[in-house]
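Q: Please take a close look at one part of this predicted model, namely the surroundings of a single core residue. A connected account that then moves outward to the rest of the fold would be welcome.

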Amino acid sequence: MNALIPANQRRVQAREAFFQSGQVPPGLIDEAILNSWHRCATNSKSASDQVAFDTVTSTRLSELLQCNRVLLEAAASPMERLSRTVTGAGYAVLLTDRLGHALTAYSSGGTSADLMHKAFRQGVLLSEDSVGTTAMSCAVSEGRPVAVSGVEHFLNANRIFNCAAAPVFDPAGRIMGAIDITREHPMVQGSALSLVQQCAKTIERQLMGMLAPYILVNLGWGLPERDASEDMLLALGEDGQILGMSPRAREVIGLEADKGLVYFSDLFDLRFEALVDSLRKPENPLSVEAFSGLSFSLKAADRNNENLYRSPIPQPVPLSRPEPEPEVDFGDASVNARAATALKALARQMPVLVLGDTGTGKEVMARTLHERSGYAAGEFVAINCAAIPESLIEGELFGHAEGAFTGARRGGSNGKIAQAHKGTLFLDEIGDMPLALQSRLLRVIESREVTRLGEQSTKRFDFQLVCATHRNLSEAVQNGEFREDLYYRVKGITVELPRLSERPDLKAFIQEQCRQVTHGRALSDNALHLMMDYPWPGNVRELRHALAHADVMADPDSLLLPEHLPSEILAQGRPDEQDRGPSMVGSWRTVEREAIEQALACENGNVQAAANRLGMSRATLYRRLKAQRSV
């Protein structure tokens, strides 16, 4: 019956019903739009809210363009062709990332609306949180093409827009962004959706080609060559690895996104070598059966592919998508290599486990990985599993509804996992997570679905996982203190950070840390030698504190001398008087005496203040003074 009602009238009825009762009769509006309305209402948006369409800073825009450089390269030509096709019909064309940032915009040229000019600019954030319901946000949320016209926008201010958008998937099955066309006057939805969907498919094919596959294969239904579909593509490596699949191929084969390393022979009842041999022949496409029981035809997407006419050569396995280059320097070649490996793991959606003693820089490593990863545009959300009381950590991680427990936050909380959506979740000291909570965390990691405390419904989130611990998790598993299944789920790629004293380039590292902490000051040779001989039980954290201490103790613009260092470093460097010659003992006593005298002079003889300045207790300073006077 609803189909007989004019489209715009159905939209008006749906809007009136929603804002009056929160419910909409079925068939009046696309479910994707209704879901967006519910999210906007839940997030306390009002239909009367105004939209600023502000742009991000130039620095942030540069970061976004760098993070999305692969998508931009693949989309450049298809978007230009789409713009030439639709500009004459009054459409503006837009490419956004998965968070809603406008990466590329083509103006329609014929619009007079100021709001259109403000919205279609590079760097504008067009997410649902910022501007309410849009075709782009619906397409990304639902993973399918969506059209939103006039009153279907949640905010009244956006009613002039009539838009259609389609998501763009990467070869691993993840949404990278969306293509959108928008104009002021009503559009023919079917035509607009077809245009954006075709543009998205072209971009996805470009992304497949950028993997540099050994061969691209078209998948079809049945034997005749005309049945091979341009929508169903497989990108295969030289060893038969599935480098990527088009969304349609992934759907019909039944392979979920981010399944890790998968080979052709894992999906089809045929050896990869036999496939290559068959595709070299110009006859009809090859018939093959998937292990799901479905039968398909396969043919080379490019008959002129030279790779078909040479034997596969084993080589390093290509990645499922171009990786970020680890342009980082931790001051240690081995640590840099581990960082590069960790970035490769994150590019494949594998978790990373950072191991190291307290103070070795585990969180610094995690933050650096986040900033160089494909999820850099999202938030880096850190939670210390050892610092939060056991009774509160579940609510912190998963969120809670209002009144879910005594002390629950008014209005509830979405939790850290929700906050990390499209970003990085960093679980520091995961080895200290309560055992009872580990099973629930395991389910969340595997399903990416979270149920808040006090609620029944679940929500799905997309995040990359980095964990860290100083504990030996393997021993913890044997002792029954850590779940074995969770251990194997979080250890994906392990990055072990060395103790500070074990670094092969300790001298250069100390000097670089000194420049960072003191804003360019330098250590004297004696002070540097003392620091190199010190065992640094607190690792990098203790080193930075020691340098900050020296920076405070020293006069401005002077070298940092031994007497400026904390007392424990001086004490560690002092030779045993029974084993050293008298000249060595005397030199250390001289250094110590001068440091004490300088501190007392600076504090006008105030012993307590001088002790604080030297980083020792008042009793220790009195003891040192007594020892000096007895010599």
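A: Leaving aside residues up to four places away in sequence, Ile 29 is in contact with Ala 14, Val 24, Leu 34, Trp 37 and Glu 152. Ile 29 also belongs to the largest nonpolar core, a set of 36 residues. Within that core, the residues touching the most other members are Val 24, Ile 29, Trp 37, Phe 53, Leu 126 and Val 148. Two of these, Val 24 and Trp 37, are thus among the contacts of Ile 29 listed above. Helices and strands both supply this core: α1 (7–21), α2 (31–42), α5 (114–119) and α7 (135–142) each give two or more residues, as do β1 (92–97), β3 (146–149), β4 (162–169) and β5 (175–183). In soluble globular proteins, nonpolar side chains tend to be buried together. A second core, separate from the one around Ile 29, has 32 residues, including Cys 385, Ala 418, Leu 442 and Leu 486.

Attention may now turn to a sheet. Five strands form an open sheet in the order β12-β13-β16-β11-β17, and their pairing is parallel. Its edges are β12 (380–384) and β17 (493–496), each of which pairs on one side only. From one strand to the next, the twist averages 20 degrees. Strand β11 (residues 352–355) runs parallel to β17 and is joined to that strand by four bridges. At this pairing, Leu 353 lies opposite Thr 494 of β17. Helix α12 (residues 333–347) packs on the sheet, where it touches β11, β16 (464–469) and β17. The direction of α12 makes about 155 degrees with that of β17.

The cysteines form a further topic. The structure contains zero disulfides. Cys 163 accordingly takes part in none, and the nearest cysteine sulfur, belonging to Cys 138, lies 8.4 Å away. Cys 163 counts as buried because its relative accessibility is 3%, under the 20% cut-off. Cys 514 likewise counts as buried, because its relative accessibility is 1%.

Another cysteine, Cys 199, is one of the buried residues of helix α8. The others are Ala 192, Val 196, Ala 200, Ile 203, Glu 204, Leu 207 and Met 208. Helix α8 comprises 21 residues (residues 189–209), so at 1.5 Å a residue it should span 30 Å. The C-alpha atoms at its ends are 30 Å apart, which agrees with that expectation.

Methods:
Residues are numbered from 1 along each chain as its sequence is written. This is a predicted model: local features need pLDDT of at least 70, side-chain atom pairs count only at pLDDT 80 or more; totals for chains, interfaces and linings use all residues. Side-chain values use heavy atoms; hydrogens and water are left out. A nonpolar core is a set of buried Ala, Val, Leu, Ile, Met, Phe, Trp, Tyr and Cys residues joined through side-chain atoms within 4.5 Å. Buried means under 20% relative accessible area, exposed over 50%, partly exposed in between (1.4 Å probe, protein chains only). Contact means heavy atoms within 4.5 Å. Two strands pair if DSSP finds at least two bridges between them. Axes are lines fitted to C-alpha atoms, for helices over the stretch in contact, and angles run from 0 to 180 degrees between N-to-C directions. A disulfide is a pair of cysteine sulfur atoms within 2.5 Å. The expected span of a helix is 1.5 Å times one less than its number of residues.
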